[in-house]
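Me: I'd like a close look at one part of this model, the largest pocket. Could you walk me through what lines it and then through the chains around it?

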Amino acid sequence: MKLNERSVAHYATCDSPTDHAGFLRKRVERHHHHAHHATSYQRRWFVLKGNLLFYFEERESREPVGVIVLEGCTVELCDSAEEFAFAIRFDDAGAKAYVLVADGQAAMEAWVKALSRASFDYMRLVVRELEKQLEEACTSLAACHKSPRRSSGRKRHLSNPALLPVQEKPAILENGYSTWGSGPDRDGGHSKPPPLPPRRRSAAGSPTGSPAPGLSPTLQESPVSPETACFAKLHHWYGQEIAVLRREWQERQKRGHP
Amino acid sequence: AVLKKRLVKLVVNFLFYFRTDEAEPIGALLLEHCRITKEEENVFSISFIEEPERKYCFECDSEEQCQEWIEALKRASYEFMRRSLIFYRNEIQKMTGKDPLEQYGISEEARFQLATRKQ
């Protein structure tokens with residue numbers, strides 16, 4: 001499966017926000033000819049950006065050797081001979097799980113927490129919830145102003161939305177070519193929140209009720225969907241491609257090529 | 001340039017494309033740090049920040065469909081969601097004096113802070 005890997009690698013190494021980073025040991029299963037398994041661990045530099053967990057051979061490496069897409073997965077502590085181990089498991093039964101080992105208790109907890117909240121769906125839930133809260137805040141503020149005031153002065157209340165400076169508004173809705181504050185104002189000058197991304201269509205239909213109160217982790221759409229199979233393929237593909245490239249490079253080195 | 005008919009699926013911040021009769025995708029585009037541009041009639045393109053001249057072009061069946069895709073793709077990145085969240089958080093804080101992220105226990109996370117864009 002093709003991927004815009006140059007762009008992916010660029011995104012992995014550019015200065016966009018990193019949500020978490022650190023060394024982890026990644027379990028590797030080696031299958032030998034004689035059909036016995038050897039388990040070993042490779043130390044890799046992991047970088048979490050959004051819903052993508054990249055890993056590099058070294059901290060200074062210019063390109064990742066792999067990426068794990070954190071959608072349709074659960075992160076849980078692991079019953080393992082190794083201390084401080086946790087696993088990323090996918091709802092799609094065909095996708096392999098990743099077992100990672102941290103340096104200590106605190107590091108393990110930090111990673112599990114960060115990875116549990118990394119999915120796009122989680123982010124979307126929070127954004128929807130906040131959009132609702134903002135609308136409610138705007139509505140109640142407008143309602144306050146509709147009620148008649150007896151004050152003789154004509155001073156406007158400072159919290160009147162019309163007076164709020166529209167700062168930090170992502171006016172250009174580009175994916176990363178952000179141009180804060182410049183360009184056409186699509187909302188006609190009113191401080192309206194930007195609209196949300198469209199909902200992913202699920203086989204079960206698309207209910208548009210409000211999210212469960214208390215931000216429960218269960219989503220309205222099933223996390224098990226045909227799309228998770230796409231991601232499993234992506235992980236597998238990327239790993240294979242790198243392995244092949246590596247072998248070829250090593251062979252060329254042996255033959256004395258640069 | 002040859003146009004090939006594809007089934008295209010936007011799933012979170014990935015655009016998968018399939019041959020129309022196959023269940024497995026032949027490719028995917030990660031939609032971070034990209035620009036979505038309207039080209040000629042019914043056509044839009046996706047290009048990436050580190051290689052702006054390389055355009056992935058898509059021809060739609062109608063202008064309406066083209067606009068729908070442009071709008072959807074512009075909002076498809078995780079980075080866009082992050083910016084929306086920070087924007088809403090800031091607005092709510094200004095209007096109500098309260099941080100809406102506190103109830104979720106995520107108010108201290110670096111990724112939701114307003115100030116830093118470089119790390």
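Reply: A quick definition before the pocket itself: helices and strands here are DSSP runs, with helices (H or I) of at least four residues and strands (E) of at least two, numbered from the N terminus. Keep in mind too that this is a predicted model.

So, which elements each supply at least two residues of the lining of the largest pocket? From chain A there are β1 (2-3) and α1 (5-13). From chain B the list is β1 (6-11), β2 (14-19), β5 (43-48), β6 (51-59) and α1 (63-74). The largest share of that lining belongs to β6(B), with seven residues. The pocket has a volume of about 1,100 Å³, and 32 residues line it. Nearest its centre are B:Lys4, B:Arg6, B:Val8, B:Cys57 and B:Phe58. If you're thinking about chemistry, the lining divides by class into 17 nonpolar, 12 charged and three polar residues.

Now for chain B as a whole. Its secondary structure amounts to six strands and two helices, and along the sequence they run β-β-β-β-β-β-α-α. Chain B is more spread out than a compact globule, because its radius of gyration is 18 Å, well over the 14 Å that the globule rule gives for 119 residues. Along the principal axes, its C-alpha trace spans about 55 × 30 × 30 Å. Of its 119 residues, 52% count as buried. Among contacts in chain B with a separation of 6 or more, 29% involve residues 24 or more positions apart. The chain exposes about 6,000 Å², with carbon and sulfur atoms supplying 48% of that.

Two loop residues in chain B are worth a stop for their backbone angles. Most residues other than glycine have a negative phi. B:His33, though, has a positive phi near 55°; this residue sits in the loop between β3 (27-30) and β4 (34-38) of chain B. B:His33 counts as buried because its relative accessibility is 12%, and the cut-off for buried is under 20%. B:Asn42 isn't a glycine either, and its phi is positive at about 65°. You'll find B:Asn42 in the loop between β4 and β5 of chain B. With 16% relative accessibility, B:Asn42 also counts as buried.

Further along the chain, B:Gly105 lies in the segment after α2 (78-96) of chain B. Its relative accessibility is 46%, so B:Gly105 counts as partly exposed. The C-alpha atoms of B:Gly105 and B:Phe80 are 22 Å apart, and the two residues are 25 positions from each other along the chain.

Over to chain A, which has four helices and eight strands. Its order along the sequence is β-α-β-β-β-β-β-β-β-α-α-α. Of the 258 residues in chain A, 42% are buried. Contacts between residues 24 or more positions apart make up 48% of those in chain A with a separation of 6 or more. Chain A exposes about 14,800 Å², 52% of it from carbon and sulfur atoms.

One residue of chain A brings us back to chain B. A:Gln133 is in helix α3 (residues 120-146) of chain A, and this residue is buried, with a relative accessible area of 19%. What is A:Gln133 in contact with, leaving aside its neighbours within four places in sequence? The partners are B:Ile92, B:Pro100, B:Gln103 and B:Tyr104.

Notes
Residues numbered from 1 in each chain as written. Chains lettered and ligands numbered in written order. Predicted model: local features only at pLDDT ≥ 70, side-chain atom pairs only at ≥ 80, totals over all residues. Heavy atoms only, no water. 1 Å grid on protein atoms, 1.4 Å probe; cavity = no way out; pocket = protein on both sides within 12 Å on 5 of 7 lines; lining within 4 Å. Points joined across faces, edges and corners; volume = space filled by probe spheres on them. Nonpolar A, V, L, I, M, F, W, Y, C, P; charged D, E, K, R; others polar. Rg over C-alpha atoms; globule rule 2.2 N^0.38 Å. Buried < 20%, exposed > 50% of the residue type's maximum accessible area, 1.4 Å probe, protein only. Contact = heavy atoms within 4.5 Å. Areas by Shrake-Rupley, 256 points an atom, 1.4 Å probe, with all protein chains shown as cover.
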